[in-house]
Amino acid sequence: MVKRVKYGHVKVEDAGEVIRLHVGNVYRDLSVSYARILAGIIKNAADRLEQKQKGGEHAKDD
């Protein structure tokens, strides 16, 4: 079973044996360790952005 996530020109495909990252017309097969590192970087960036946005909302309320 293939699981796909697509957002604009970026698509991540999980075919069970390989994790494939598509960006535009280029794709790369990711190792497990690289996929985990990439996921961690994206999660940390999203958490920082969320905190920054929450901080901005509180400043607007005051």
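Tutor: Ala, Val, Leu, Ile, Met, Phe, Trp, Tyr, Cys and Pro count here as nonpolar, Asp, Glu, Lys and Arg as charged, and the others, Gly among them, as polar. The model under discussion is predicted.

Student: With those classes, how many nonpolar, polar and charged residues are in the lining of the largest pocket?

Tutor: The lining has 10 nonpolar residues, with no polar and no charged ones. They are Val10, Val12, Ile19, Leu21, Leu30, Tyr34, Ala35, Leu38, Ala39 and Ile42.

Student: How much space lies in that largest pocket?

Tutor: The largest pocket holds about 210 Å³.

Student: And which elements each supply at least two residues of its lining?

Tutor: Strand E2 (10–14), strand E3 (19–23) and helix H1 (32–61) each do so. H1 gives the largest share, five residues.

Student: Turning to the sheet, in what order do the strands lie?

Tutor: The four strands form an open sheet ordered E1-E2-E3-E4, with antiparallel pairing. Strand E1 (3–7) and strand E4 (26–30) are at the edges; each has a single partner strand, so one side of each lacks a neighbour in the sheet. From one strand to the next, the twist averages 15°.

Student: How many bridges join E1 and E2?

Tutor: Five bridges link E1 and E2 in the antiparallel sense. Within this region, Val5 has Val12 of E2 as its bridge partner.

Student: What about His22: buried or exposed?

Tutor: His22 belongs to strand E3. Its relative accessibility is 17%, and the cut-off for buried is under 20%, so His22 counts as buried.

Student: Which residues does His22 contact, leaving aside neighbours within four places in sequence?

Tutor: On that basis, His22 is in contact with His9, Val10, Lys11, Glu13 and Tyr27. Val10 also lines the largest pocket.

Methods: Residues numbered from 1 in each chain as written. Predicted model: local features only at pLDDT ≥ 70, side-chain atom pairs only at ≥ 80, totals over all residues. Heavy atoms only, no water. 1 Å grid on protein atoms, 1.4 Å probe; cavity = no way out; pocket = protein on both sides within 12 Å on 5 of 7 lines; lining within 4 Å. Points joined across faces, edges and corners; volume = space filled by probe spheres on them. Buried < 20%, exposed > 50% of the residue type's maximum accessible area, 1.4 Å probe, protein only. Contact = heavy atoms within 4.5 Å. Pairing = 2+ DSSP bridges. Axes fitted to C-alpha atoms, helices over the stretch in contact; angles between N-to-C directions.
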